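Visitor: Could you take me through how the labels on a structure are earned?
Guide: Gladly. Let us look first.

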Amino acid sequence: MRLRVNGRDAEVDAPPMTRLLDALRLHCGLTGTKEGCGEGECGACTVLLDGEPVCSCLVPLAHAEGAEVATIEGLGGDHPLQRAFAEHGAAQCGICTPGMIMTALSLPASPTLDDVRFALAGNICRCTGYHAIYRAILRA
Amino acid sequence: MPSVGRSVPRKDAHDKVTGTARYIDDLAFPGMLHARTIRSTIARGRIRDIRHELDGNGFVVADFRDIPGRNAVSVVEDDQPLLAEREVRHVAEPVLLLAHEDADVLRRATVEIDYVPDEPVLDPLRSTQVHKSLRIVKGDAEAAMRDADVIVEGQYRTGHQEQLYIEPNGVIAVPEGDGIAVYGSLQCPFYVHKALRVVLGLPADRIRVVQAETGGGFGGKEEYPSVIAAHAAVLALKARRPVKLVYDRLEDMLATTKRHPSIVRHRTGVMRDGRLVAMQVDILMDGGAYVTLSPVVLSRGAIHAAGPYRCDHVLVEARAVATHTPPNGAFRGFGAPQTQFALEVHMERIAETLSMDPVRLREMNALRPGDTTATGQRMESDCTALQVLQEAVSRSDFHAKRERYAGTNRGIGLSLFFHGAGFTGSGEVKLASRASLATTEHGVRILVGSAEIGQGTRTMHAQIVADALGIPYDDVETALPDTAHVPDSGPTVASRTCMVVGGILQRCAVELRERIGDLHPGEHYRLHGETTVTKQYEAPEGIAWDDAAYRGEAYATYAWACDVAEVEMDPDTYEIRPIHFTAVQDIGKAINPTLVAGQIEGGTSQGIGWALLEEVVMRDGAMANAQMTNYTVPTTLDTPPMDVVIVETPSRHGPFGAKGVGEMPIDGPAPAIVNAIRHLGLDIREIPATPERIQEAACVSA
């Protein structure tokens with residue numbers, strides 16, 4: 001199966017119903033994408049599929065064929081959202097952080113607090129109560 | 001520039017925002033097998049037969065006969081078997097362990113178990129098996145009750161709560177020489193180490209436990225990782241290969257510990273002017289099938305049951321009983337949220353009975369310096385119950401809103417609460433925690449067994465050490481918590497990591513400074529080689545606890561807080577939506593204000609979930625909604641704006657005046673919310689206050 005991951009061609013030798021999450025973690029070695037629930041509820045496995053945030057635990061690899069997949073590793077380490085998450089304490093245990101950041105990438109420029117709250121409603125954080133995450137995204 | 005009191009960046013921020021932090025499921029070892037736990041499907045019975053065709057076929061199978069040492073999970077007692085032998089006492093009790101190279105083959109493997117079922121006891125009120133009971137006696141509550149103008153009685157119930165750390169539990173056991181190393185998502189490396197010694201029958205120096213980056217704990221990774229680690233270790237020693245055992249969400253929710261459900265009854269004598277005369281409190285907690293940490297959870301719950309109030313005559317009678325359900329265990333707050341929920345809703349009902357302002361009732365009775373708690377502990381100058389109450393009331397404009405919301409679908413309510421930092425009673429003395437500092441080429445390295453589970457351990461400890469030594473924060477690093485290389489600084493629980501372990505580190509830094517003179521530790525290292533200082537916990541002066549009588553200084557000190565909840569009821573769906581929250585919390589000193597705010601906001605959010613959303617539905621002794629689809633925790637849309645006020649009245653016990661902050665924030669939200677719901681005219685005495693319960697209450701009051 002061919003897809004593009006973080007701007008590079010990737011060839012994944014796995015059955016078509018392999019979860020995109022497993023294809024990324026086990027076949028591409030990109031462990032920055034996390035599994036929290038395996039049922040599309042927690043959002044920890046969020047990646048961008050052709051620019052749209054998806055739960056990679058619910059996406060079969062076949063759906064990603066030929067698509068552009070973006071994961072946290074593709075951001076490098078100096079993206080304004082990453083810097084803001086670090087600065088505002090938006091990552092506590094950190095397990096939801098990659099998914100949070102990937103979802104936040106799909107926000108419009110200069111989002112309002114309500115934009116952020118609605119966009120992140122599918123990403124569960126059990127540590128922060130979300131407020132540090134809002135502060136980070138609104139000031140990124 | 002000093003770093004204490006400043007929101008310096010977290011030590012772990014870069015790795016976490018880039019996805020390079022390595023959690024347990026991100027790790028792999030050459031030749032590694034995957035493991036799976038076969039569990040009982042009935043709540044109580046005898047195993048008659050176990051059938052499978054897995055031997056050979058690349059499977060490694062282990063049962064209780066493969067345990068090299070004792071078949072016991074060593075926590076407070078040793079009553080819990082690591083693997084069931086003949087009896088099973090709860091659904092999801094581990095029976096058999098499987099390992100295979102291929103995770104898919106492993107998942108498809110089937111094992112059949114025949115049972116002779118027995119009638120389970122699922123209702124704690126019907127249980128006759130007591131894990132632990134205790135009494136706290138101050139004065140003579142029964143006699144004093146006769147002098148009261150009014151007696152108010154009530155019963156309050158709370159349900160299970162799942163910690164729901166977003167990273168499920170998991171470990172990897174790796175045979176190493178003639179011993180074993182276990183890497184895992186865990187809070188207490190030395191608890192796991194102790195449990196492994198018992199199960200494996202190996203000497204201490206042949207076992208190594210290493211904490212991997214941990215995706216949340218909240219108490220849920222305090223004692224249960226010992227079970228998982230021992231399972232993986234038994235398989236790894238049998239297979240002579242590394243074994244990875246990582247739970248999926250369903251297994252984690254079905255099998256691992258939760259907050260103890262509680263039933264608390266209050267009988268309180270008050271004078272017409274509001275003075276508390278006598279308090280009788282009866283506490284029942286459902287411990288589940290095995291003792292685990294129930295005695296200690298019960299103890300903390302009982303000590304906090306009379307709340308931050310002065311009353312000369314108190315009787316608390318508490319027991320934790322056994323049921324045939326998965327054992328309950330540690331969860332942030334550790335018994336105190338349950339008992340303070342009951343008390344704070346009861347206080348509201350006392351105010352209603354006396355037609356009194358709920359603030360005035362609490363002001364009149366709040367503990368002040370010089371007063372004594374239920375265990376007879378005299379309050380020092382850092383007892384600020386009254387101040388946090390008054391600050392929260394004025395900050396939230398409580399009285400004006402109380403009037404404005406009356407008769408609308410909005411309500412406002414508050415809770416006043418406290419939380420003792422560190423182990424209860426003589427616990428810290430018995431633990432005798434140690435911490436070390438070692439000089440390095442760049443500065444110093446902290447060596448502690450304390451786990452970073454998101455709360456900011458590494459960052460906060462580094463700030464304390466940096467300032468105590470007078471060096472930049474960046475020159476302090478923290479060693480990986482590996483039991484072979486760090487001293488046992490006790491478990492990462494009980495709001496003790498800052499106050500207790502941070503305090504020991506501060507003393508290490510002071511002594512290191514004496515030993516290296518004016519030199520920067522890095523320079524001293526380059527001239528003289530490594531210098532290490534190790535210190536052990538020392539009980540502070542004036543702290544005495546009588547375990548038998550349950551009297552004395554239950555905790556070195558307490559933090560104080562007041563929450564104000566504002567809610568809105570949807571008249572069509574009976575959903576209660578929190579619309580604003582005020583949290584005023586005196587935690588002594590915020591070593592790092594961003595971290596402290598994070599604890600308060602996060603703990604408050606978990607408390608809101610417990611109050612309104614998080615219902616563990618038990619059916620035939622098992623969690624029926626063991627998935628995130630129908631066990632719902634607060635999302636962004638369920639979490640209201642919060643006004644967090646950090647008050648800093650220094651304690652003489654903690655570094656730079658700091659107390660504990662991790663747990664207290666979860667004590668207050670539930671009663672504040674239920675009291676706001678009471679303001680709507682709805683009599684709620686059980687949480688979660690789901691729409692079904694609200695509707696029921698609305699029908700009664702209509």
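**Labels and their reasons**

Guide: In this predicted model, H2(A) and H3(A) are oblique to each other.

Visitor: Why are H2(A) and H3(A) called oblique?
Guide: Their packing angle is about 130°. Roughly perpendicular ends at 115 degrees, and roughly antiparallel starts over 145, so the angle counts as oblique. The axes of these two helices, residues 80-87 and 97-105 of chain A, are 10 Å apart.

Visitor: Which residues of H2(A) and H3(A) meet?
Guide: A:Leu81, A:Gln82 and A:Phe85 in H2(A) meet A:Thr97, A:Ile101, A:Ala104 and A:Leu105 in H3(A). By class, this contact has 5 nonpolar, 2 polar and no charged residues.

Visitor: What makes H16(B) and H17(B) oblique?
Guide: They pack at about 50°. Under 35 degrees would be roughly parallel, and 65 to 115 roughly perpendicular; 50° fits neither, so the pair is oblique. Their axes lie 8 Å apart. H16(B) passes H17(B) in a right-handed crossing.

Visitor: Which residues of H17(B) does H16(B) meet?
Guide: B:Pro669, B:Ala670, B:Ile673 and B:Val674. On the H16(B) side, B:Trp610 and B:Leu612 are among the residues involved. The contact divides into 8 nonpolar, 2 polar and no charged residues.

Visitor: How many residues of chain B are in contact with chain A?
Guide: The count is 42 residues of chain B, against 38 of chain A. H16(B) gives the largest share of chain B's side, 7 residues. That side has 14 nonpolar, 19 polar and 9 charged residues.

Notes
Residues are numbered from 1 along each chain as its sequence is written. Chains are lettered from A and ligands numbered from 1 in the order in which they are written. This is a predicted model: local features need pLDDT of at least 70, side-chain atom pairs count only at pLDDT 80 or more; totals for chains, interfaces and linings use all residues. Axes are lines fitted to C-alpha atoms, for helices over the stretch in contact, and angles run from 0 to 180 degrees between N-to-C directions. Helices (H or I, at least four residues) and strands (E, at least two) are DSSP runs, numbered from the N terminus. A crossing is left-handed if the near helix is turned anticlockwise from the far one by less than a right angle, and right-handed if clockwise. Two residues are in contact if their C-beta atoms, placed from the backbone, lie within 7 Å. Ala, Val, Leu, Ile, Met, Phe, Trp, Tyr, Cys and Pro count as nonpolar, Asp, Glu, Lys and Arg as charged, and the others, Gly among them, as polar.
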